[in-house]
Each structure stands twice: as C-alpha cells, then as structure tokens.
Amino acid sequence: MPVNVYNMNMSEMLSLKGLLEKVRSYKGGADLDILKKAYHFSSEAHCSQKRSEGSPYIKHPLAVAYILADMKMDVASISAGLLHDTVEDTLTTTDDLKGIFGKDIAFIVKSLTKLSKVEFQTKKEAQAENFRKMLLAMSEDVRVILIKFADRLHNMRTLEFLPAAKQQRIAAETLEIYAPLANRLGIGWLRLELEDLSFKYLMPELYDELIRKVAKRKEEQESYIKEVIELIEAKLKEEGLPGRVKGRIKHYYGIYQKMQKQRITFDQVHDVIGLRILTDTKSNCYAILGLIHSLWTPIPGRFKDYIGVPKSNMYQSLHTTIIGPKGERVEFQIRTEEMHRISEEGIASHWKYKEKGEFDERNSKYIAWLRDLVQVQKEVPDAVDFLEAVKGEVVPEVVYVFTPKGEIKEMPVGSTPVDFAYGVHTQVGHRCVGAKINGKIVPLRYILKNGDTIEIITSTTHGPSRDWLKFVITQRAKTRIKQWIKQEERSQSVELGIKLLETELRKHSMSNALMKSDEILKAAKSLGLGSLEELFSAVGFGKVSSHQVLNRLMPEKVTAEPEPARQQKPLKEHKGVSIKGIDDVLYHTAKCCYPIPGDNLAGFVTVGKGVTIHRKECPNLEKQTGAEARLIDVDWQSAPDFTASARLFVETIDKPGILANLSALISSVNININHLEASSTQDQRGLITFIIDVRDIAQLRMIIQKISQMEGILRVKR
C-alpha cells in the first residue's frame, strides 16, 4: 500500500532521485531517462504555479508519481503521472507531448485533461462529461484510471488546505464515484483510504469520535486478540497447516456504515477488530476454516465463501464469525497470499500490456461491465445519465444467480428478472415477457435470490412497459427502458405534429407541399429548432403550436390569435428553480421527496397541471404515467435568501429529553423547523420526522452530521 507521501519527514522529502530509486527497486532494466525528461519538463511547465498550501506545484505531480511507483506501475504510467496536469494548466499541447514522449503518454495525459474549452450549462454537466471522457479512455487503457486514482488520492491527502465548501464537494464526489470504482477494480487499500478520507471531511466530528473509540477498543482488546492469535498459531502448527495470523482493524467508514445499516451504536459493533489468516493453497483455506469451527461455535448466517464464488472484482476469501474465548465474537478472514495480494491491489496487481495498454484475458474480467457501458453510452448521449449508469454498476451488495447453462451472474441486491434480462442484452430486455426461476414461472417483479437459476422468456412482438420502471433497480435497465419509451413517444409526437400542421394548413387553404419546403425549415430554425423532425416533435409535444409555425410561414395570411393568460410563478419558486426551454409555467416541488438546491432534479409536466419537481432518485418520479406526462430538465438557481423544505427521519433510543435536545440543536444553527412528528416503538426506539428549511444540500449535510453525533441517535436520513 502506498505511503502517505505528504506526511513524510523532511529527510524523506520527495525528489527525482528518490523516485528513480523506487522504480529501479522493482524494475531494474527500466529506461529511466524518459522519467527524468518528464520530471524536468513538468517542473519547467509548472514553474510559476503554486499549490493551495503555498508549495511549488511540481510537488503534486511528483507525489502522484510516487504513489504510482508504490503501485509498481510502468515507466510510461509514472511519466504520464508527472505530466498529467501540463496540458490542462500550462501552455503545453497534446502534440507537444506526442512529439517528445510518444503517442501512449500523450494519449493518457489527454484522457486525464478536463474539457476546459467546452461550455457547460452547469458544473454537474461538466463533471459528468469529463468523467465520461476518462472512462471511455480507460476502456482502451487502464493506466488512465490508475493515474487518476493516484491524482485523486494525493488531492484527498492534502484537502485540508482548500476552503470548507470545496472540501465537502470533492469528498462527496470521491465517496460517491472514486471509492466505489476503486472497489469495482479490486484495489482494496485505495478504496479504504478514499472512504476514510472522504468521511473525515464530510463528517469530521463523527470521524474524530470513531478514531478515539476504536483506539480505546484496540487498547482494551489487545491482550485478548494476542491470546487468540497465539492459540490459533499453536493449533495450526499442531495440525501441520501453514498460516500467518494477524489482527486487522475495520476502517472507520466501514464501522460508520455498519452502525447506520444495522441501526446500532458503536458499542454494539463486534467486529471492529478481527483476525486474518494467510496460507498457501485454496484447500488449506478450507482446512483452516474447519479447524476454527472445531475450536469455537460459528455464528449462523455469518459464513461467506468468496473463494468458491468470487466477487466481480475477483476478491476471494472465506469469512466467518465465531463465539471465541470468554464469549467474545471474533471475525476471521481466511485466504491465500495470492488472494490477499489481489484483494489489496486488484487490477493493478497483475496487469500485462500489449499494444497501448490492452488487457490480457484475466484482467478483461475487471472491466467487462465498463465495456458494456461504453456501448450503452452510444445510446445514452447525456453525460449525466451515463454517470448515473456508472454509479449503478459499482454497487457492492450483490446476489449470485445462474443461467440455464450454469454460468454464474452477479446482480445487485433487489434485482428482478427484467434487470437480469437487460444485463444479458438490450434486445433480451426489450423482448422479455416472462421468466422462470428454478423451472417455475414467476412474476417479472420477483426479487432474485442467491442460487436462483433464471431463464428469460422472450417474444419478438413485445416491447418494454412503463410499469417496469416501478420495480427495476439497475441503472442499465432503467436507462434502456426510458430510452425506448422516449423513442416511442418521439415517434408518436412526430406523427401527431405532422397531423396537426396539415390540419392547420387545410384550415387556411394552404398546400401540404409546404410540409417539405425550405420555407417551413426556415420557420423551424426561427423557432430554435434544427430540423423538420424536431419541429414536428415540438408541435406534437405541445411545446410549439401549429398556429405559431404558420405565423412564421405566412404571417400575412394568418390572423394573430390572442395569447392565453399566463399564470405568474410563485416568487419563492421563481428564485429557486429554472426550467429549461419553458417560460412562465406553473410548477411546484414534490412533497414525497422534498428536493433542495444541490440535488439532481427532474420534473414531469402534465397538460393542465403544470410541472412537479422531484429529486431524480425519487421512486414517484418513475411512476408518472400517461401520454400527457413529459419528463423535463430542471436546474436550481437559488438567490442568497432562498430556502427550501427538507424532510429528515431520525431514529433514536427512546429516552426522556431527546426530542427537546434535537429541536434545540437544529434551532442553534439557525435552521427553522416547520413541522415535526414523533412516535415510539415497542422495542424502545424513537421515530421522529422533521420538516426543516435549509439553503442547500451542504447545510442539510451539516445538520445531518451534527444530529448523527448526538448521544442516543441510531440513524439519520432524508
């Protein structure tokens, strides 16, 4: 695992000499001249720049290069790491790099360079488009993402020097995108460090509290763990089983996740400290498991065999939890040395390149899902949708199912036969009419379980149903169903638009030949529409009236019709929401999901009812049905004094005074409480719902963090 190069002692300060020695230690015959050239080129290009903490900018690319060398990357990767910001932040061009360093290094640097010359409407669109560009390049050359990981890791290690708002944004992005992606590619140490660093900045007080509690637990259990290790080592020796036993501490974000998921306090987390046993062969892993189960009682439901059924990121290990000496619970992980290396380093552990960073057969398994997504992106031109699809593909919790031929397929927990069908192929999904699980026909809403054998029944005359959006959970299925529906609606709107325009032409005794004339194309362009198909679709959707089109065609022949009375937007809503392409329309925010500034938004416009604004992940958004409902894009454009209502669910230990303390805490940070409801359960838990006024997502995260840190709080969520 790479060291934290930022916190090295002065005597160990980063230097070109140190980098060369590092590379030489694992790649003796490497051509180091190109590394020296890359260092001096980068140093010269960045010579006038400083980092946020005031140090020369070259320290950042050098630190990135050190991380890559710790990962034992090749010289081209480390050189690209040294040069990764030159095109974006200096006058250097990609052609300059190609001429000096060759096309491979130039390709990698270009793939890591943000699209700064492209105009984007929102920061979110810019982020999504840059991320898509990088992932598409990664499908050609994995080194692109490995260098980006090193870049992001060093930025996270030095995040303290940035303003608080930027810290929160970068940490949230890291936790949401980069840590899951590192996990999907099997780089265990990187995922853990990125998660803990993100946690540190998103919830600093809770993070510090967990550090103290874990240190105390470690001190209390040190002698106990030592006793168990000595006992295991003696038993292994006695049975002639090779194995190294060592203690491990669960990472802080993992502890936090467990507390949230299981609704427990830190004192109820039993596997903060566990044991890992490394041996030589797969058969010895199972032999050691049998030995442990013969010594102590295993806890039912806590055994997982990831050796027989590896995870999609090729992670392999046996997990079991037992009731150990003195009645204490102890978690064991048992794996071979090779499995451990792969679990830590993932795709970076054994990649082999041919031309331009292509994958060998073994490593191609790591990104089979990404290559499929690359195909999807050709059908999903919207970068934000593509980013959401990627997030859906890096979900860690899965079930394992079988095809009729016995192949194992991995699906996210909660998947249905329709999700599975789209996972096989788009056309299988579109034509899916039924499914058999273990030989029996089941509803398409059936939730897949571990070990199910699934067979999809298809029909060439069948198409997707909008109702499927109510139960599918994979982004792939959602995207393709929505895309099919959108194409169908567009076809219908084009047909309807043509009919409406032909009717309007007849009404004014005008020839249908105008429908294919240059004049109508000019009329379309004057309305901001680039083609006749766009014009017909806009008329069919009701965005443009047929009367407006004829006014542009023959204004002297068409009598002006009075504009309908426009309804004024509520002032508070007008400050908060911008609807693309639609002016002066009635709209309101949904009370099912309470969207606020900073959320991903979408809306449904229904004729006669205006627009309802939802968070994009709101389940009710996908339940909107009917030919009159249209999905539209929505942006926040909030004024300084703007606030929006947000809903919080708080689960607590039921004890006197906790509601008063919660209310006082919320009021103390100048957040208004609009409404609250409280109840208690038979198992002594308190359930409290707050409706509060907040400025944006950052303020909401802040109050969630503060509530999470209160004594007696089990869970907080929107």
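Two residues are in contact here when they have heavy atoms within 4.5 Å of each other. Keep that in mind as you click through this model, which is predicted.

**First stop: Tyr57 and His46**

Select Tyr57, in the loop between α2 and α3. Not counting residues up to four places away in sequence, Tyr57 touches His46, Gln49, Lys50, Arg51, Asp85 and Asp89. Is Tyr57 buried or exposed? At 13% relative accessibility, Tyr57 counts as buried, because the cut-off for buried is under 20%. Now add Ser42 to your selection: Tyr57 and Ser42 are 15 residues apart in sequence, and their C-alpha atoms are 9.5 Å apart in space.

Next, move to His46, one of the residues Tyr57 touches. His46 lies in the loop between α2 (33–45) and α3 (59–70). His46 is buried, with a relative accessible area of 2%. Which residues are in contact with His46, leaving aside its neighbours within four places in sequence? They are Tyr57, Asp85, Thr86, Asp89 and Thr90. Try a distance between C-alpha atoms here: His46 and Asp89 are 43 residues apart along the chain, and the separation is 7.9 Å.

**Second stop: the whole chain**

Zoom out for a moment. The protein chain has 27 helices and 20 strands. Of its 718 residues, 50% count as buried. Take the contacts between residues at least 6 apart in sequence: 66% of them join residues at least 24 apart.

**Third stop: the nonpolar cores**

In soluble globular proteins, nonpolar side chains tend to be buried together. To look at this here, select Leu146, Phe149 and Phe332, the residues with the most contacts inside the largest nonpolar core, which has 114 residues. The largest share of this core, 10 residues, comes from α12. A second, separate core has 30 residues, including Leu665, Leu700, Ile704 and Val716.

Go back to Phe149 and show its surroundings. Leaving aside neighbours within four places in sequence, Phe149 is in contact with Tyr178, Leu181, Ala182, Leu185, Ile187 and Leu190.

**Fourth stop: the cavity**

Rolling a probe the size of a water molecule over the atoms shows where empty space is left. How many cavities of 30 Å³ or more does a search of the whole structure find? The search finds 1, and the largest cavity has a volume of about 40 Å³. To see its lining, select Gln221, Tyr224, Ile225, His270, Ile273, Glu328, Arg329 and Val330. The elements that give two or more residues to this lining are α12 (204–239) and β6 (329–336). α12 gives the most, with 3 residues. By class, the lining of the largest cavity has 4 nonpolar, 2 polar and 2 charged residues.

**Fifth stop: the second largest pocket**

Stay with α12, and add α13 (252–262) and β20 (713–717): each supplies at least two residues of the lining of the second largest pocket. About 370 Å³ of space lies in this pocket. Its lining has 21 residues, and the closest to the centre of the pocket are Lys213, Met259, Thr265, Met710 and Ile713. By class, this lining has 11 nonpolar, 5 polar and 5 charged residues.

Now colour α13 on its own. Which residues of α13 are buried? They are Tyr253, Gly254, Ile255, Tyr256, Lys258, Met259 and Gln260. What covers them includes α10 (164–184), α11 (188–202), α12 and β20. Step past the helix to Arg263, which follows α13 and has a positive phi, near 55 degrees.

**Last stop: two cysteines**

A disulfide is a covalent bond between the sulfur atoms of two cysteines. Select Cys592 and Cys618 and look at their sulfur atoms. The sulfur of Cys618 is the nearest cysteine sulfur to that of Cys592, 3.5 Å away. Why is Cys592 in no disulfide? The pair is 3.5 Å apart, and a disulfide needs sulfur atoms within 2.5 Å, so this pair does not count. Cys618 is likewise in no disulfide, and the count for the structure comes to 0 disulfides. The surroundings of the two residues are worth a look as well: Cys592 counts as partly exposed, at 26% relative accessibility, whereas Cys618 is buried, with a relative accessible area of 3%.

Note on methods:
Residues numbered from 1 in each chain as written. Predicted model: local features only at pLDDT ≥ 70, side-chain atom pairs only at ≥ 80, totals over all residues. Heavy atoms only, no water. Helix = DSSP H or I, 4+ residues; strand = E, 2+ residues; numbered from the N terminus. Buried < 20%, exposed > 50% of the residue type's maximum accessible area, 1.4 Å probe, protein only. 1 Å grid on protein atoms, 1.4 Å probe; cavity = no way out; pocket = protein on both sides within 12 Å on 5 of 7 lines; lining within 4 Å. Points joined across faces, edges and corners; volume = space filled by probe spheres on them. Nonpolar A, V, L, I, M, F, W, Y, C, P; charged D, E, K, R; others polar. Core = buried A, V, L, I, M, F, W, Y, C linked by side-chain atoms within 4.5 Å.
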